[in-house]
Amino acid sequence: MGTGAGVSSAPAAAKRNGPFRPASWNTTGTLMVLPYVVLFFGFVLYPVFYGFWLARHPESYVKLAADPIFGKAIVNSALFLLVVVNIKFMLALFLSGFFVHERRWIKWLAVLFILPWAVPSIPTILSFRFMLNPEWGVINTLIFKFTQLDGPNWLNDRWIAFSMAGMVHIWKSLPFWTLILVTGRLAISKDMYEAASVDGATRWQQFRYITWPSIKTLYLTCTLLSMIWTLGDFNSVYLLTGGGPSDLTHVLATLGIRYLRLDQVDMAMATIVCAMPFVLPLVWFMMKRLSRGPDDQ
């Protein structure tokens with residue numbers, strides 16, 4: 001009986017003291033998560049709460065509302081979200097139908113198409129700025145060479161400069177979102193299109209009754225996500241126009257940088273807080289769509 005007790009107690013002791021006991025796993029998991037928690041508190045939560053603390057003074061918002069540049073930045077930000085982003089996604093939807101074809105030359109063209117998104121933002125946008133210079137830029141030089149006429153003041157007119165910033169934003173991010181929609185199209189069964197072709201459906205009918213219902217949720221979710229990202233994108237405006245001419249092309253992201261350069265940190269933080277009415281509804285709509293089941297879409 002003593003021997004049997006010793007044999008039976010050995011596995012129990014191994015379970016208690018072995019390397020795979022639950023307490024050991026919990027400790028290992030805690031140690032692995034701890035660096036992320038420290039970084040999250042140090043580089044996410046602390047800056048956010050510190051920014052809100054700096055923006056707590058009501059007089060900052062009074063001064064912000066009195067600044068005429070702030071009103072223009074609100075209008076420009078709304079135009080970026082409602083016009084530029086939607087133009088970008090309509091183009092992405094159209095181009096995704098082109099790049100989904102399996103011809104070899106289309107695949108090679110897709111590689112070239114993805115390059116604007118793959119290359120770094122700063123040198124490419126600065127290249128556009130040099131080309132659009134109204135005095136010695138490449139574009140106006142070519143216009144004068146072939147027409148003997150002076151080209152537009154690309155970056156010295158408010159709406160032309162703002163349109164160029166929107167164009168650069170579309171050019172830079174369009175390949176990424178097109179690739180996302182191509183992926184959504186490729187998930188649709190080819191049998192559905194073959195059956196529709198046999199029934200005599202046109203390309204428009206195939207898109208309306210097969211493609212769009214299948215990628216509608218993806219399209220709308222990506223649009224909302226792009227709006228959120230675009231609201232924080234200051235490269236397209238700041239690197240191309242610098243907010244000019246006369247601070248007329250600022251968006252909320254670049255306006256915050258302007259206040260930081262003027263050493264008005266409270267105004268910069270107040271500008272970011274004023275962007276919340278744009279961000280929070282977009283986040284709410286996106287999360288609401290993602291939380292729906294397949295039958296609720």
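Trainee: Which residues does Thr211 touch, leaving out those up to four places away in sequence?

Mentor: Arg185, Ile188, Tyr193 and Gln206. Contact here means heavy atoms within 4.5 Å. Bear in mind that this is a predicted model, in which local features need pLDDT of at least 70 and side-chain atom pairs count only at pLDDT 80 or more, while totals for chains, interfaces and linings use all residues. Residues are numbered from 1 along each chain as its sequence is written, and side-chain values use heavy atoms, with hydrogens and water left out.

Trainee: What makes the link between Thr211 and Tyr193 a polar contact?

Mentor: The rule wants N or O atoms within 3.5 Å; within protein, one must be able to donate a hydrogen and the other to accept it, and residues adjacent in sequence count only if both atoms are side-chain atoms. The side chains of Thr211 and Tyr193 come to 2.5 Å, so the pair passes.

Trainee: Why is Thr211 called buried?

Mentor: Buried means under 20% relative accessible area, exposed over 50%, and partly exposed in between, using a 1.4 Å probe and protein chains only. Thr211 has 3%, so buried it is. Thr211 is in helix α11, residues 203-231. Helices are DSSP runs of H or I with at least four residues, strands are E runs of at least two, and the numbering starts from the N terminus.

Trainee: How many salt bridges does a search of the whole structure find?

Mentor: Three. For each, a side-chain nitrogen of Lys or Arg must be within 4 Å of a carboxyl oxygen of Asp or Glu.

Trainee: How do you know that Asp67 and Arg258 qualify?

Mentor: Their side chains meet at 3.9 Å, N to O, inside the limit. Asp67 lies in the loop between α3 and α4, and Arg258 in helix α13, so the bridge ties together parts 191 residues apart in sequence. With 14% relative accessible area, Asp67 is buried.

Trainee: And which partner does Asp247 have?

Mentor: Arg258 again, with the closest N and O atoms 3.4 Å apart. Shared partners join Asp67, Asp247 and Arg258 into one network. Asp247 is partly exposed, since its relative accessible area is 24%.

Trainee: Where else does Asp67 reach, at the start of α4?

Mentor: A side-chain oxygen of Asp67 comes to within 3.1 Å of the backbone nitrogen of Ile69.

Trainee: What makes the span of α4 close to the expected one?

Mentor: The expected span is 1.5 Å times one less than the number of residues. For the 32 residues of α4 that gives 46 Å, against 45 Å from first C-alpha to last. There is also a kink of about 35° centred on Phe80; the bend is the angle between axes fitted to the seven residues ending at a residue and the seven starting there.

Trainee: How many aromatic pairs are there?

Mentor: The count is 21. Among them, Phe89 and Trp177 lie 5.3 Å apart, centre to centre, with 45° between the planes.

Trainee: Why is the Phe89 and Trp177 pair called tilted?

Mentor: Rings of Phe, Tyr and Trp (its six-membered ring) pair if their centres lie within 6.5 Å; planes under 30 degrees apart are stacked, over 60 edge-to-face, and the rest tilted. At 45°, the Phe89 and Trp177 pair falls in that last group. Phe89, at 0% relative accessible area, is buried, and Trp177, at 4%, is buried too.
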